[in-house]
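Good morning, colleagues. I would ask you to look at the sequence and the structure together while I speak. I shall go through the fold, its interior, the cysteines and a few individual residues.

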Amino acid sequence: MSESGNLNLVVVAVDGSQESMNALRWALLNLKLRSPTPDTTDSASFIIFHVQSPPSIATGLNPGPIPFGGPIPAFAAAIEAHQKRITDSILYHALGICSQFNHTAKVRTHVVVGEPKEKICETVQDLHADVLVIGSRAFGPIKRMFLGSVSNYCAHHAQCPVIIIKGKDGVDKGN
């Protein structure tokens, strides 16, 4: 590959798993962004994208049946703060990987709250991504039946090409 590519926006979905970090490493090693030109104001970039679960999903609570209108505000705030710490940790790790590849100037982060497979597909469409890179945990058929496969869903529903990185083969760990 040449030093400059033709990609303007690469979205890499990360969830904190080793597989998602391997997908990030693969993207940084193998995908080349478009070089800036004098007539463009926006620069090409990698988007590290994380979907945070809503507090009710994270705790397994459905606030409807709880008396007096919902969960205790302090409990909800504690859950939200905990989820923010987890998200910050995931992004910190991902940005550390980017710094190993000297890509920090070309990297942005983006976080949304919701169902991962739906939010990933919505975001790549909203951002007009050129490509989505996502790791695959390779769940067995029983886990996949109950949990679903985010990478499989995205491969069929995302409005851009999707690259699914399986396992650790061919990825320089670096971290």
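I begin with a definition: the expected span of a helix is 1.5 Å times one less than its number of residues. Helix 3 has 28 residues, and the distance from its first C-alpha to its last is 41 Å, close to the 40 Å expected. Please bear in mind throughout that this is a predicted model.

Let me now turn to the chain as a whole. It contains six helices and five strands. Read from the N terminus, the order of elements is β-α-β-α-α-β-α-β-α-α-β. Of the 175 residues in the chain, 35% are buried. Among contacts between residues at least 6 apart in sequence, 80% join residues at least 24 apart.

I move to strand 4, residues 131-136. Is this strand enclosed or open? Six of its six residues are buried, so strand 4 is largely enclosed by the rest of the structure. Val131, Val133 and Gly135 point one way from the strand, while Leu132, Ile134 and Ser136 point the other way. Strand 4 also has two pairings to consider. Strand 1, residues 9-13, runs parallel to strand 4 and is joined to it by three bridges; in this pairing, valine 10 stands opposite valine 131. Strand 5, residues 162-166, pairs with strand 4 over five bridges, again in the parallel sense. There, serine 136 has lysine 166 as its bridge partner.

Next, the nonpolar interior. The largest nonpolar core has 24 residues, and those with the most contacts inside it are Val10, Leu24, Leu31, Phe46, Ile48 and Val133. At least two residues of this core come from each of strand 1, helix 1 (18-30), strand 2 (45-52), helix 3 (73-100) and strand 4. Another core, of 16 residues, lies apart from it and includes Leu9, Ala13, Cys121 and Ala158.

Isoleucine 48 deserves a closer look. Which residues does isoleucine 48 contact, once its neighbours within four places in sequence are left aside? Among them are Val12, Val14, Leu24, Leu91, Ala94, Leu95 and Cys98, together with Val107, Arg108, Thr109 and His110. Two of the names just given, Leu91 and Ala94, appear among the buried residues of helix 3, along with Ile79, Gln83, Thr87, Ile90, Ile97 and Cys98.

Lysine 84 is also in helix 3. With a relative accessible area of 48%, lysine 84 is partly exposed. Its C-alpha atom is separated by 8.3 Å from that of glutamine 52, although the two residues are 32 apart along the chain. After helix 3 comes asparagine 102, which has a positive phi, near 55°.

Helix 4, residues 116-127, is my next subject. This helix has 12 residues and reaches 16 Å from its first C-alpha to its last, close to the 16 Å expected. Its buried residues are Ile120, Cys121, Thr123 and Val124. Viewed down the axis of helix 4, these buried residues fall within an arc of 165°, so they line one face of the helix. What do they pack against? Their partners are strand 1, strand 2, strand 3 (107-113), strand 4 and helix 6 (150-157).

Just after helix 4 comes histidine 128, in the loop that leads to strand 4. Most residues other than glycine have a negative phi. Histidine 128, which is not a glycine, has a positive phi of about 60°. With a relative accessible area of 65%, histidine 128 is exposed.

Finally, the cysteines. A disulfide is a covalent bond between the sulfur atoms of two cysteines. How many disulfides does a search of the whole structure find? The result is zero. Why is cysteine 154 not bonded to cysteine 121? Their sulfur atoms are 4.0 Å apart, which is too far for a bond, the cut-off being 2.5 Å. Cysteine 121 is the closest cysteine to cysteine 154 by sulfur position. Cysteine 154 counts as buried, because its relative accessibility is 0%. Cysteine 160 is likewise in no disulfide, and the nearest cysteine sulfur, that of cysteine 121, is 8.3 Å away. Cysteine 160 counts as buried too, at 10% relative accessibility.

That concludes my presentation, and I thank you for your attention.

Definitions and conventions. Residues are numbered from 1 along each chain as its sequence is written. This is a predicted model: local features need pLDDT of at least 70, side-chain atom pairs count only at pLDDT 80 or more; totals for chains, interfaces and linings use all residues. Side-chain values use heavy atoms; hydrogens and water are left out. Buried means under 20% relative accessible area, exposed over 50%, partly exposed in between (1.4 Å probe, protein chains only). Helices (H or I, at least four residues) and strands (E, at least two) are DSSP runs, numbered from the N terminus. Two strands pair if DSSP finds at least two bridges between them. A nonpolar core is a set of buried Ala, Val, Leu, Ile, Met, Phe, Trp, Tyr and Cys residues joined through side-chain atoms within 4.5 Å. Contact means heavy atoms within 4.5 Å. The arc is that of the directions from the helix axis to the C-beta atoms.
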